[in-house]
Amino acid sequence: MSISKKALDSIHKDALWKILKLYGVPQKYITIFQAMYRNTTCCIKTNNGMTEMFDILTGVRQSCILSPFLLLIVIDFVMKKTVNGRDYGITWGSEKLADLDFADDLALLCNTQDELQEMTNSLQCNAAKVGLCFNTEKTKAMVVGNNTVSALTVDGTDVEHVAISSISEAICQMMVM
C-alpha cells in the first residue's frame, strides 16, 4: 500500500501531538514542535498573482528535516493500532511478521485474502483517523504461488493483482515498485 503523496499535507496536528506524547517524546519538544506550527499561513502563486493568505490547519512542513521523522512516527502508530491484538501476518521464525515498511510504502503480509482484506480495511480506518489516505493507483496486491484470488479493495476501488511465483521474486518486485 502506498500512502498518498500528500501525506505530509494531511496529518492532523492534534493527532500528531498525542502520538508523540504516547511515544514518550518529552513535552518540552512537543511544545517546540507545536510552536513551529502555530499560526502558520500561506498563499498560492497563480497566473493572476498571489492568492489571499490562508491558515494551514493540517500537515507538516515541506522541506523540513523533521517532517519525514514525524510522518514515520504517525505511520508506525497507525500500523501498531492496526495489528494490535490481531493475529495478522505470516510466521517468521517464532514470531509473526505483519508488515514491511519503507518510508510511505507499506507491504502487508497475510496468509489469506480474507485476512488481508480485513487488515487493509482496519489500516485504512486507522490511517483516516490521523489524516492519512492511500494512493489506490500505486497500491498493488501480490499473491505468492498459484492461488487464485478475488479483488482486494481499498476505499471501494479494486487493487491491481501482481502474480508472483516465489518470495524472492516478490522481494525483487517490491524493490522495483
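A salt bridge is taken here as a side-chain nitrogen of Lys or Arg within 4 Å of a carboxyl oxygen of Asp or Glu. With that in hand, Lys-13 makes a good starting point in this predicted model. Lys-13 is found in helix H2, which covers residues 13–22. Lys-13 is buried and yet lacks a salt bridge. The nearest side chain of opposite charge belongs to Asp-14, 8.8 Å away. Because a salt bridge requires a distance within 4 Å, the 8.8 Å to Asp-14 does not qualify. Beyond its neighbours up to four places away in sequence, Lys-13 touches Tyr-37, Thr-40, Ile-56, Leu-57, Thr-58 and Gly-59.

Two of these partners lead on to further features. Ile-56 sits in the loop between strand E4 (54–55) and H4. Its relative accessibility is 32%, so Ile-56 counts as partly exposed. Together with Ile-44 and Phe-54, Ile-56 forms a nonpolar patch on the surface, and the three residues have about 230 Å² of accessible area together.

Tyr-37, the other partner, takes part in an aromatic pair. The count for the model comes to 1 such pair. It is formed by Trp-17 and Tyr-37, whose ring centres are 6.0 Å apart and whose planes make an angle of 50°, a tilted arrangement. Trp-17 lies in helix H2 and Tyr-37 in helix H3 (residues 27–37), so the pair ties together parts that are 20 residues apart in sequence. Both rings belong to buried residues: Trp-17 has a relative accessible area of 11%, and Tyr-37 has a relative accessibility of 6%.

Tyr-37 also appears among the contacts of Leu-70, a residue of helix H4 (residues 67–83). Leu-70 counts as buried because its relative accessibility is 0%. Leaving aside neighbours within four places in sequence, Leu-70 is in contact with Leu-16, Leu-20, Tyr-37 and Val-60. Of these, Leu-20 is 50 residues from Leu-70 along the chain, and their C-alpha atoms are separated by 8.5 Å. Tyr-37 is thus a shared partner, in contact with Leu-70 and touched by Lys-13.

A wider view of the chain completes the picture. The chain has 6 helices and 12 strands, and buried residues account for 36% of its 177 residues. Among contacts between residues at least 6 apart in sequence, 54% join residues at least 24 apart. The chain exposes about 11200 Å², of which carbon and sulfur atoms supply 55%.

Conventions:
Residues are numbered from 1 along each chain as its sequence is written. This is a predicted model: local features need pLDDT of at least 70, side-chain atom pairs count only at pLDDT 80 or more; totals for chains, interfaces and linings use all residues. Side-chain values use heavy atoms; hydrogens and water are left out. Helices (H or I, at least four residues) and strands (E, at least two) are DSSP runs, numbered from the N terminus. Buried means under 20% relative accessible area, exposed over 50%, partly exposed in between (1.4 Å probe, protein chains only). Contact means heavy atoms within 4.5 Å. Patches are made of residues with over 30% relative accessible area and no salt bridge: like charges are joined within 9 Å, nonpolar side chains (Val, Leu, Ile, Met, Phe, Trp, Tyr) within 5 Å. Accessible areas come from the Shrake-Rupley method with a 1.4 Å probe; for residues, only the protein chains shown count as cover. Lys and Arg count as positive and Asp and Glu as negative; His and the chain ends are not counted. Rings of Phe, Tyr and Trp (its six-membered ring) pair if their centres lie within 6.5 Å; planes under 30 degrees apart count as stacked, over 60 as edge-to-face and the rest as tilted.
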